[in-house]
Amino acid sequence: MSAPKPVRPEPRPGILAIDTYVPGKSGRPGGGKVHKLSSNETPLGPSPAALAALHEATAKLETYPDGRATVLRTAIAKRYGLDPERIVCGAGSDELLSLLAYAYGGPGTEGIYSEHGFLVYRIAILASGATPVVAPERDYTTDVDAILARVTERTRIVYVTNPSNPTGTYLPFDEIRRLHAALPANVLLVIDGAYAEYVRANDYSAGLELALEAENVVMTRTFSKIYGLAAVRIGWMLAPAHVADSVNRIRGPFNVSGPAIAAGAAAIADEAHMAAAAAHNAEWLPKLTDGARALGLKVTPSVANFVLIHFPDEPGRSAADADAFLTERGLITRRVSAYGLPNALRVTVAGAEANTAFLAALGDFVRGAHAGGDFA
């Protein structure tokens with residue numbers, strides 16, 4: 001008996017297993033003034049130099065951009081002392097994370113990521129036809145031994161966010177080196193340093209050195225966070241020449257727009273603006289952490305530009321209740337249930353006004369939900 005004829009095109013296996021990525025909220029029902037603390041955006045905005053370059057580039061919208069993003073790659077290379085031929089730019093680091101999965105994954109292979117890792121990893125692995133493998137974390141931190149225990153002959157790619165999102169924790173560089181040393185040579189280690197510029201820990205490295213010296217390590221970075229260019233979508237990666245060549249073969253020929261190229265090149269040259277954004281974060285990150293802890297809430301130690309605040313799994317005191325309360329006050333935070341953290345909210349380090357308003361509203365919520373005593 002012959003199989004029934006298909007009645008419509010069907011996606012290949014794995015595609016319908018992907019949960020659509022849902023960004024953080026941007027507003028509240030009914031409108032009104034809001035403070036958006038849901039997407040880890042910098043409160044300082046982009047560099048004035050980047051805005052000027054972007055404006056100038058809009059006068060040439062009828063012209064295709066340079067398909068190699070030469071100006072941007074050269075600016076990145078100058079900033080870090082790199083060979084521009086080993087840099088590939090993308091429409092956000094998200095695109096590059098996906099292109100790496102498409103190039104090195106595929107049916108019959110596996111990709112590993114950490115338990116609370118960036119949701120794009122799972123999407124990229126499944127979209128490539130590979131099988132996602134999740135390594136549990138320890139204290140909301142990537143566990144090198146858990147990753148290594150899940151490596152098989154089918155493993156082709158390992159994603160590590162450092163610092164991690166949405167937890168804000170990080171692995172010291174010695175741990176990253178230990179992970180790399182134990183991986184088979186045919187496994188690509190992708191170190192996602194989206195929040196690297198915020199980290200002030202002495203034992204941290206974004207992975208640039210390892211990507212320069214190893215044949216199976218890639219470091220990705222973004223202009224969406226500290227550089228304040230999330231809307232124009234720019235990311236970049238440093239990779240061995242053979243990996244850069246593979247990704248260049250499959251990326252779109254004009255995957256980074258002309259205005260994005262111009263804005264990114266200007267932004268990375270403005271080191272003073274980036275330093276100001278990092279300094280603002282260094283001032284307010286401990287204030288948000290200490291403020292929430294003073295209310296009896298558990299906060300995961302963070303080195304990024306956000307904090308992960310935990311709430312009791314109890315009616316009236318839960319993360320969902322806190323989110324609803326804060327939203328009503330015009331303070332938009334990020335539910336992280338999709339990351340396996342249903343009892344936590346991720347809160348961006350915003351401007352002084354928003355941070356102050358958030359701590360005041362959080363205090364009102366805690367006192368209203370539980371009068372006196374420890375909230376945790």
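The questions and answers below concern a predicted model.

Me: Which residues does UniProt assign to the feature "domain: Aminotransferase class I/classII large"?
Reply: The annotation comes from an unreviewed UniProt entry. In the model, the span it covers is 39% helix and 18% strand, and its end C-alpha atoms lie 9 Å apart. The record places the feature at residues 34-354.

Me: Which strands stand at the edges of the open sheet of 7 strands, and why is one side of each left without a neighbour?
Reply: Pairing in this sheet is mixed, and the order is β2-β8-β7-β6-β5-β3-β4. Neighbouring strands are turned by 20° against each other on average, direction ignored. The end positions each have a single partner strand, so one side has no neighbour in the sheet; the edge strands are β2 (87-90) and β4 (131-135).

Me: In what sense do strand β6 and strand β7 pair, and which residue stands opposite L189?
Reply: Strands of a sheet can pair in either a parallel or an antiparallel sense, through backbone hydrogen bonds. Strand β6 covers residues 188-192 and strand β7 covers residues 217-222, and 4 bridges join them in the parallel sense. The residue in β7 opposite L189 is V217.

Me: At what angle do the axes of helix α3 and helix α4 cross?
Reply: Two packed helices are described by the distance between their axes and the angle between them. For α3 (residues 92-104) and α4 (residues 119-127), the axes come within 8 Å. The crossing is right-handed, and its angle is roughly 35°.

Me: How many residues of the contact of α3 with α4 are nonpolar?
Reply: From α3 come D94, L97, S98, A101 and Y102, which meet V120, Y121, A124, I125 and A127 of α4. One residue of this contact is charged and 1 is polar. The nonpolar residues number 8.

Me: How is the aromatic pair of Y195 and F306 arranged?
Reply: A search of the whole structure finds 9 aromatic pairs. In the pair of Y195 and F306, the centres are 5.2 Å apart and the planes make 75°. Y195 sits in the loop between β6 and α7 (208-213) and F306 in strand β10 (residues 306-310), so far as the chain goes 111 residues apart. With planes over 60 degrees apart counted as such, the arrangement is edge-to-face.

Me: Which loop holds P163 and P166?
Reply: Most peptide bonds are trans. The bond from N162 to P163 is cis, with omega near 0°, and the bond from N165 to P166 is also cis, with omega near 20°. P163 lies between β5 (155-161) and α6 (173-182), and P166 is likewise in the loop between β5 and α6.

Me: Is phi of A69 positive or negative?
Reply: Most residues other than glycine have a negative phi. A69 lies in the loop between α1 (48-57) and α2 (70-80). Its phi is near 50°, which is positive.

Me: Which are the edge strands of the open sheet of 4 strands?
Reply: This sheet has antiparallel pairing and the order β9-β10-β13-β12. Its neighbouring strands are turned by 35° against each other on average, direction ignored. Pairing on one side only marks the edge strands, β9 (298-300) and β12 (334-336).

Me: Over how many bridges do β10 and strand β13 pair?
Reply: Strand β13 covers residues 341-348 and pairs with β10 in the antiparallel sense. Within this pairing, V307 stands opposite V347 in β13. The number of bridges is 5.

Me: Which strands does helix α11 touch?
Reply: Helix α10 (residues 271-294) lies across β9, β10 and β13, and runs at about 10° to β10. Helix α11 (residues 319-328) packs on the sheet too, its direction making about 35° with that of β13. The strands touched by α11 are β12 and β13.

Methods: Residues numbered from 1 in each chain as written. Predicted model: local features only at pLDDT ≥ 70, side-chain atom pairs only at ≥ 80, totals over all residues. Heavy atoms only, no water. UniProt positions renumbered as here; feature names shortened; annotations may be inferred. Helix = DSSP H or I, 4+ residues; strand = E, 2+ residues; numbered from the N terminus. Pairing = 2+ DSSP bridges. Axes fitted to C-alpha atoms, helices over the stretch in contact; angles between N-to-C directions. Left-handed = near helix turned anticlockwise from the far one by under 90°. Contact = heavy atoms within 4.5 Å. Nonpolar A, V, L, I, M, F, W, Y, C, P; charged D, E, K, R; others polar. Phe/Tyr/Trp six-rings, centres within 6.5 Å; stacked < 30°, edge-to-face > 60°.
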